Amino acid sequence: IAARSVAIPGASRWFAGGMVTYASSSKFDLLGVEPGPVVTPEAAGAMAEGVRRLFGCTVSLATTGAAGPEPDEGVAPGTVFVGVAIEGRPTESVRLRLPGDRERVRQIGTISALDALRRRLHR
């Protein structure tokens, strides 16, 4: 998501930064996600809130999921949760069920997460 975002000229005017918290412990320690399963809508929302807090920004986006090929935490491959945190609004999470192999899930997940953000901003 970050790579796709900063490919746009002038992105430094609106993109504060990004984090890859792949290990569950990083989600707990850095983003304030409650210990427990991390492939959940609650974890996605907490991740988005943690990123927004750390970067001091008004809008943030986070994803967590099972890209495959194996299930993760009992969650089927292709399941992705997107958290959107916008200052002054309740944080929301969206569940996606995406087709394809690991790379396709990551690509479609990125596009879908950005679309979820776009839809939330236009409400």
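# Notebook: cores, strands and odd angles

**Entry 1, the cores.** I looked up the largest nonpolar core, and it has 15 residues. Leu-31, Val-33, Val-38, Val-39 and Met-47 make the most contacts inside it. I then asked which elements feed this core. Helix α3 (41–55), β1 and β2 each give at least two residues. The largest share, six residues, comes from α3. I also found a second, separate core of twelve residues. Among its members are Val-84, Leu-96, Ala-113 and Ala-116. I keep in mind that this is a predicted model.

**Entry 2, Val-38.** I listed the contacts of Val-38, leaving aside neighbours within four places in sequence. The partners are Ser-24, Lys-27, Phe-28, Val-33, Ala-43, Thr-64 and Glu-73. I return to Glu-73 in a later entry.

**Entry 3, Ala-46.** I found Ala-46 in helix α3. Is Ala-46 buried or exposed? Its relative accessibility is 18%. Buried means under 20%, so Ala-46 counts as buried. With neighbours within four places in sequence left aside, Ala-46 is in contact with Leu-31 and Val-33. Both of these are also listed among the core residues with the most contacts. I checked one distance as well. Ala-46 and Pro-99 are 53 residues apart in sequence, and their C-alpha atoms are 25 Å apart in space.

**Entry 4, strand pairing.** I started from β2, residues 79–86. How many bridges join β2 to β3? I count six, and the two strands run antiparallel. Strand β3 covers residues 92–97. Val-84 has Glu-92 of β3 as its bridge partner. Gly-83 is partnered in β3 by Ser-93. On to β1, residues 59–66. Strand β1 pairs with β2 over eight bridges, also in the antiparallel sense. Here Gly-65 has Val-80 of β2 as its partner.

**Entry 5, the cover on β2.** I asked how many residues of β2 are buried. The answer is eight of eight. I then took the two faces in turn. One side holds Thr-79, Phe-81, Gly-83 and Ala-85. The other holds Val-80, Val-82, Val-84 and Ile-86. All of these are buried, so both faces are covered. Val-84 is a residue I had met already, in the second core.

**Entry 6, odd angles.** Most residues other than glycine have a negative phi, and most peptide bonds are trans. I looked for exceptions. Glu-73 is not a glycine, yet it has a positive phi of about 55 degrees. Glu-73 lies in the loop between β1 and β2. At 40% relative accessibility, Glu-73 counts as partly exposed. Pro-69 lies in the loop between β1 and β2 too. The peptide bond from Gly-68 to Pro-69 is cis, with omega near 10 degrees. I also noted Gly-88, in the hairpin of β2 and β3. That hairpin has five residues between its strands, and Gly-88 takes a positive phi near 85 degrees.

**Entry 7, a surface patch.** Last, I looked at the outside. Which residues make the nonpolar surface patch of about 340 Å²? They are Met-19, Leu-30, Leu-54 and Phe-55. I placed Met-19 in the loop between α1 (2–6) and α2 (24–31). Its relative accessibility is 33%. Partly exposed runs between 20% and 50%, so Met-19 counts as partly exposed.

Notes
Residues numbered from 1 in each chain as written. Predicted model: local features only at pLDDT ≥ 70, side-chain atom pairs only at ≥ 80, totals over all residues. Heavy atoms only, no water. Pairing = 2+ DSSP bridges. Patch = residues over 30% accessible without salt bridge, like charges linked within 9 Å, V, L, I, M, F, W, Y side chains within 5 Å. Areas by Shrake-Rupley, 256 points an atom, 1.4 Å probe, with all protein chains shown as cover. Salt bridge = Lys/Arg side-chain N within 4 Å of Asp/Glu carboxyl O. Buried < 20%, exposed > 50% of the residue type's maximum accessible area, 1.4 Å probe, protein only. Core = buried A, V, L, I, M, F, W, Y, C linked by side-chain atoms within 4.5 Å. Contact = heavy atoms within 4.5 Å.
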